[in-house]
Structure formats: structure tokens, C-alpha cells
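Welcome! Let us take a short walk through this structure, stopping at a few places along the way.

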Amino acid sequence: MKNNLPNRLRRRQYIALALFGVMVAATQFAFSLYKQKQKPEISDVEFKTNSATADLPIILTEFNPNDLDQSQWKNLGFTDRDVATILKYKRIIGGEFKSKEQFKKCYPIVDRYKELEPYILLPETDYEAKKGNFTYKTFERKKLNIPGKFNPDSFSKNDWVAMGFSERQAEAILKYRNYLGGSFQSKEKLKACFIISEEQFSQMSPYVLLPDKTDEQPRVYAGSSKEKPKINYTYFDPNQLDEEGWKSLGFSEKQIAGILNYKIKILRGSFRSLEDVQKCYMITQRFEELKPWIRFNPENIKEPEKTSSAKPEAKTEHKTDFSKVDLNEMTFNQLREFGFNEKTSGGFIAFRKSLGGFVNKNQIYEVYGIDRDLAEKLVGMSSLNPEGVKKYTLTDAPESWLKTHPYFKYSADKIIFYRISNPDEKKIWKFIKTKPEYEAKMRMYLK
């Protein structure tokens, strides 16, 4: 009996386990039947994107990233989140993209940059942006539609637009032409228009019906009321003519400076024959016109000055008290008395006149060929009162003053053009981009 007890217990355990397994299986089966009854019948659902936008291809055209608003960025295929990131990046870098190189760094742009790059109206690098004035349009790489030989003086706004420029660019080109007096005058002047890039100018240059360079003599434009003044000739001695005398014969200030320089430097003081007059470059073209009126007075012919490597000695005794003479009032004879030769004395007076007066004693050293030692003695001895020197601002300076003043004439065209659209002196300085040493000289004559 004792041996059968463990077997009975073991059998009962097996039966209990079997029954428990059956109950678990039945419970699971019943639960699955319940779930099937509770599950609703659902038809297959196909998720589709909005066909109004997804099926439409993105058409790319040239664009400036700085001009696009939120909706325009979305039209280029960017999400709302991408657009928010682009606009935030734009604010961080100062409000505008300055180059393709900078634009490419914006995170949402990276993956699509190659696709967008041909259409972006930005310079390649920041360096090119600084070189290219203030408009991105100069970086467009379109080929111009040139209609053949043409005269840009007769082109209207529509003509420039048809060639490939924008309306804004065409207006700026016409404004520049009006500033020049209604004519570009030469290819050189046309090339100076900042709207026209080097590449565009090289495309149109072979077809432009203008001379390569501007004539020395001012041109009379069609429709202009200005006529070339008639010259009433009288007999004259070329050795007696001063600046006004040559001007009365129809020569420009630049030509007169060349004639006087030729007379002093090449001929050593005097014209001695008609041949000497004819050889002067500024007179050659008009020599036959002037020849019948030239009469030499032997008394006015000077012997050539002897050249010497030694510097002229300054006079130790002066009739004039130079400590009481203002440098802006000093005469030709006083300069000669002080020890300067005729050429230097004339150059001193001419340079001072072109400046409108000295404002700084150091300007004396800019006189061409001046004896440095003698100039230092004069600067140390004499006074300078600059109060009578006229000064202007860049926005109100007369055009004639800008074009003839030694410190402004090389930037005159840019100043006059830029101040038409930007009458702000700070912007004009930024646009003309002159060297610091030249700017310092120019500022001496500005209010």
C-alpha cells in the first residue's frame, strides 16, 4: 500500500495539469472568437498626397534669394519648416545673401543646391560681391541679343531691354547717358557705365558705332544749343602769349598746360621759329590755320637756359620779407626772388590755382620738380591762411570744379553719377572706392 501512494499522487498531478492546459486553450479560443466579432469591417485605405501640388512639376527660373518671400520659397518646393530655417539663416547673416558660396551653406539648400545653382542671381563669392558695385544683376551670364551695328546714343529704354538688360538697368544706363550730356561720346565712356559688365561690354563693343576714346576737344551733340565759338584772329607772338592768350585762340586748359610745358622744358624758354611751333604736339593739327598770324619779335626770344646738375642756390638777401607773405598770396616774381627758377615758379602758381588755394603747407612739396630744400625753407619761413579756399560737399560741388580739381578729377564722373541716385555722402564714398591717401587729400577741400 505504501508503495502505491506516490504513484497515485503523481497521476493526479498529471491529470490536473492536463485539465489546466485544456482550460487555458479554451479560454484563448473563446477570446479570439470574441475579438473577431468586435472587429469592424474596414475597407482598404490608400493614402495620397494632394494631387494639386504633388503632381505639378517645379518650374525653375532665375531668381535672387534676397527677393523671395515665404510663399515663393514654397513654390520652389521647400516645406514650411525649410522656409522658416532659410529665413532665420538669412536674418542671422545680416539680412541678405551676398554670394552663392554663402547661400550654399544654408542647411535646407544643401541637398538641392546643384539643381538651383544655374538659376541663382548672386556672385560666386563674397570677394566678387565686393568688386561688383551694388547690384547683383551685373553677375548674370546671359548673352546679349545684339541687333547688329548700333549707336547707343539713339537707343531707347525698350531697345536696351530687348538687348537683354532689365528695365531698371535700362533706366540707369539712360540716366548715365543724360549725365554725359546726351551722348556716350566713345566706347571708353560707355564701358565706364557700372551697369554694363566687362563681359557684356566685350560682347557689344565690336558693334558699337562710337570712337574708341573721347576726343580731347569737347564735342557738340545733336540738338545742343552750344556752338563752337568763332575765333577772330590777329597777329600774335607765341612767346608773348599767356594762358588767357592761348585760350582766346581756342585751346583747352589741358592743351595750354602742354604748350607752356613744351616751351619751358623742351625749348628752354622760347619758340625760335615756325618749326618749333609746328613740332608742339598740341599745335600741330592747327598749325596751318595759325601760321599766317604768327609774328616773332626777336626781343622776346630768350637764349636757352644752361642746364646744370647743381641745384640753384637760394638767395640769402631778399627785398621781400617772406615771413609776412602768405603762401596763398605769393606772386611769380616773389617766388623767383626767393630762388625758384622760372619753371618751378610757374608750376607753383598753376598748381595753387588749380587747387583753389593751399590748405596745408605740405602741399607745396607736390609742385612738380620743386627744389625740396628751398621749399622747406619757404614753408618754415612763410605763413598760410586757408580761410579763403572754397569748400563744398560731394553732393553740391559744381561739376566743373570736380572735373578740374587735381584731387577730384579722376573720381569726378563717379561722384556726379552716384550722387544722382544716392545723395548721401557716406554712400558716395563707399561707391567710388578711392584709396585712403587720396580720400584724405579730397577731404581737405570738403565741408
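Helices here are DSSP runs of H or I with at least four residues, numbered from the N terminus. The model is a predicted one, in which local features need pLDDT of at least 70 and side-chain atom pairs count only at pLDDT 80 or more, while totals for chains, interfaces and linings use all residues. Residues are numbered from 1 along each chain as its sequence is written, and side-chain values use heavy atoms, with hydrogens and water left out.

Our first stop is Lys 265, a residue of helix H14 (residues 253-266). Lys 265 has a relative accessible area of 36%, so it counts as partly exposed; that term lies between buried (under 20% relative accessible area) and exposed (over 50%), using a 1.4 Å probe and protein chains only. Which residues does Lys 265 touch, leaving aside those up to four places away in sequence? They are Lys 343 and Tyr 368, where contact means heavy atoms within 4.5 Å. Although Lys 265 and Lys 343 are 78 residues apart in sequence, their C-alpha atoms lie 7.9 Å apart in space.

Next comes helix H4 (residues 80-92), with 13 residues. Its expected span is 1.5 Å times one less than its number of residues. That gives 18 Å, and the end C-alpha atoms of H4 are 18 Å apart, which agrees.

Where do the buried residues of H4 sit? Val 83, Ile 86, Tyr 89 and Lys 90 are buried. They are on the same side of H4 because they cover an arc of only 130° around the axis, the arc being that of the directions from the helix axis to the C-beta atoms. This buried set packs against helix H3 (70-75), helix H5 (100-104) and helix H6 (107-110). On the face of H4 turned away from its buried side, you will find the exposed residues Arg 81, Arg 91 and Ile 92. Just after H4, Gly 94 takes a positive phi of about 110°.

Two residues that are not glycines also have a positive phi, and the table sets them out. Most residues other than glycine have a negative phi.

| Residue | Phi | Place | Relative accessible area |
|---|---|---|---|
| Gln 185 | about 70° | loop between H10 (167-179) and H11 (187-191) | 11%, buried |
| Lys 433 | about 50° | loop between H23 (425-432) and H24 (436-443) | 45%, partly exposed |

Gln 185 counts as buried because its relative accessibility is 11%, whereas Lys 433, at 45%, is partly exposed.

Notes: Helix = DSSP H or I, 4+ residues; strand = E, 2+ residues; numbered from the N terminus.
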